[in-house]
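Got the viewer open? Let's walk through this one stop at a time, selecting a piece and looking at what sits there.

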Amino acid sequence: MVAKLWTYCNVLRDNGLSTIEYVEQLSYLLFLKMVDEIENDEWGGRDLSALVPTDYNWQSLVSKRGAELEAHYRAILEHLGRKPHTTIGTIFADAQNRITKPALLEKLVVELIGREEWTVTGTDLKGDAYEGLLAKGASDTKTGAGQYFTPRALIDAMVDVTRPGPDDTITDPACGTGGFLIAAHAYVTRHHVRDMDIDARKAYDSGSKIWGNELVTGTARLAAMNMLLHGIGKSDGPSLIDVGDALAEKPSGRHASLVLANPPFGRKSAITVIGQDGELEKEDIQYDRDDFTATTTNKQLNFLQHIMSLTAVNGRAAVVLPDNVLFEGGAGEKVRRKLLDEFDLHTILRLPTGIFYAGGVKANVLFFDKKPPRADGKPHTTVTWIYDFRTGQHFTMKQRPLTRAHLDDFVARYKAGEPLTARVADEDENGCWKPYAYEDLIGRDKVNLDITWMKDPALDDADSDLEPEVIAEEIVRDLQSALAEFAAIAKSLGADVDVPEAEEV
């Protein structure tokens, strides 16, 4: 199915459409076709004219040809975008027809969408087919789509160790195309469906306990459609994706027992941040967050502070963050002190380069629990375990992509559901799994958590069996990362320089 959909994407690229624009158009047409199939189901069709009026449904579209079809398609998009706060409203918000040649639109409607029965396809199959297209779209570096895509292998490993359950409320404040939310829902379905009665299952599938936030309207529509195709939420029900800046306001009344996220990297957001410390860092958009401990325009530090507020007491979080969050001074040190004192930062997974579409990204996954204040005032973190999955690991997006099996060792050593005392450190000093006591961490210069102790064996091996293109790609990524870090240092010292995104270098 992915191959067939991708073939049509290649046809439309000749018309100037990017992969993501194609998937957007596909989302609109798939939705209309599925509504039509549900209405005409011989085993019990439902009247959905209140959702999609007869004048704007699939049959009204396929009855037309040429320029008339193209004009009617534009009218449908405009009409269905007028349903705010619903899933259909999120999918069709600001929708526009990007297929300017009527013949190509007719081909897509009649020969691809019209010839398939989408509602009879298993939820996992059609959802995975759609996500397969999103994955292909993420490789379209010219559109920057990769910034919304987290490798499925990493998502699955993070979900496996956080073990979401049917009682969890789950959110992602920077959800992109919804990968974390879909994986968490799938985990609950796979591991707990037998423990849930029909009403509980229906309530869970309605999405009442799962929601996300996405800044970009076009990406939010992909997330909404992706979740709908995976059986999460209802087309005429409340939208599970809030569209807007997650950092603009502090969480009010809605906290999550599990937060999974990979916030966008970089410092491009133009903002003014006012924090508890009363300091002001000024750009264009103001964040008045009295729940933020530190004032900074570092987007990742702000997302970390937001997630710390968003997580419910006794809840847990797993968040992908770049290296600068672990070592940056000033605001970074303040945030890390709070994280160690008021939360239980029990695990850090150091990620290798080469697994994200953005080049030069050096990132980590921070796993922490939110605890109620202790009467004795002692810190909640007692020991932080660090798994070095970076040193000696060499991945590329094409020649050697990351797979779930690569993370099996980390998942096994994490010992999800067991106390930290059950974990066993490597006896070898150069092993990848090592605990650090709170006293050791808090005593480090600027509470620097960017800790390295392993040595890459490939650096001493002249006969390394790495492919030349892998070595070349790693050199490029290292140079990209180094340039971005030096630019950040120069800016912190007062130099008038822009800190480049890794993919811009």
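Start by selecting helix 8, where A153, L154, I155, A157, M158, V159, V161 and T162 are buried. Buried here means under 20% relative accessible area, with exposed being over 50% and partly exposed in between (1.4 Å probe, protein chains only). Helices (H or I, at least four residues) and strands (E, at least two) are DSSP runs, numbered from the N terminus. Helix 8 spans residues 152-162, and 8 of its 11 residues are buried, so the helix is mostly covered.

What does the cover over the buried residues of helix 8 include? Show helix 9 (179-192), strand 4, strand 8, strand 9, strand 10 and helix 15 (408-414), which are part of that cover. Then click R163, just after helix 8: R163 takes a positive phi of about 50°.

A quick note before moving on: this is a predicted model, in which local features need pLDDT of at least 70 and side-chain atom pairs count only at pLDDT 80 or more, while totals for chains, interfaces and linings use all residues. Residues are numbered from 1 along each chain as its sequence is written, and side-chain values use heavy atoms, leaving out hydrogens and water.

Next, select strand 9 (residues 343-350). Buried or largely open, how does strand 9 sit? 8 of its 8 residues are buried, so strand 9 is largely enclosed by the rest of the structure. Add strand 10 (residues 363-370), which pairs with strand 9 in the antiparallel sense over 7 bridges; two strands pair if DSSP finds at least two bridges between them. Here L349 stands opposite V365 of strand 10. Now add strand 11 (residues 383-388), which runs parallel to strand 9 and is joined to it by 4 bridges. I348 stands opposite I386 in strand 11.

Time to zoom out to the sheet. In what order do its strands come? The open sheet has 9 strands in the order 3-2-1-4-8-10-9-11-12, with mixed pairing. Strand 3 (241-243) and strand 12 (433-437) are the edge strands, each pairing on one side only. From one strand to the next, the twist averages 15°. Angles run from 0 to 180 degrees between N-to-C directions, and axes are lines fitted to C-alpha atoms, for helices over the stretch in contact.

Pick strand 1 (residues 170-172) and strand 2 (residues 210-214): they pair in the parallel sense over 3 bridges. I170 has I210 in strand 2 as its bridge partner. Helix 11 (residues 217-229) packs on the sheet, touching strand 2 and strand 3, and its direction makes about 170° with that of strand 3. Select helix 12 (residues 299-310) too: it lies across strand 1, strand 4 (256-261), strand 8 (311-322), strand 9 and strand 10, and runs at about 160° to strand 8.

For the last stop, select helix 1 (residues 2-13) and helix 6 (residues 102-113), which pack at an angle of about 170° with their axes 11 Å apart. That makes helix 1 roughly antiparallel to helix 6 (under 35 degrees counts as roughly parallel, over 145 as roughly antiparallel, 65 to 115 as roughly perpendicular and the rest as oblique). Show the side chains of K4, L5, Y8, V11 and L12 of helix 1, and of L104, K107, L108, E111 and L112 of helix 6, which make the contact; contact means heavy atoms within 4.5 Å.
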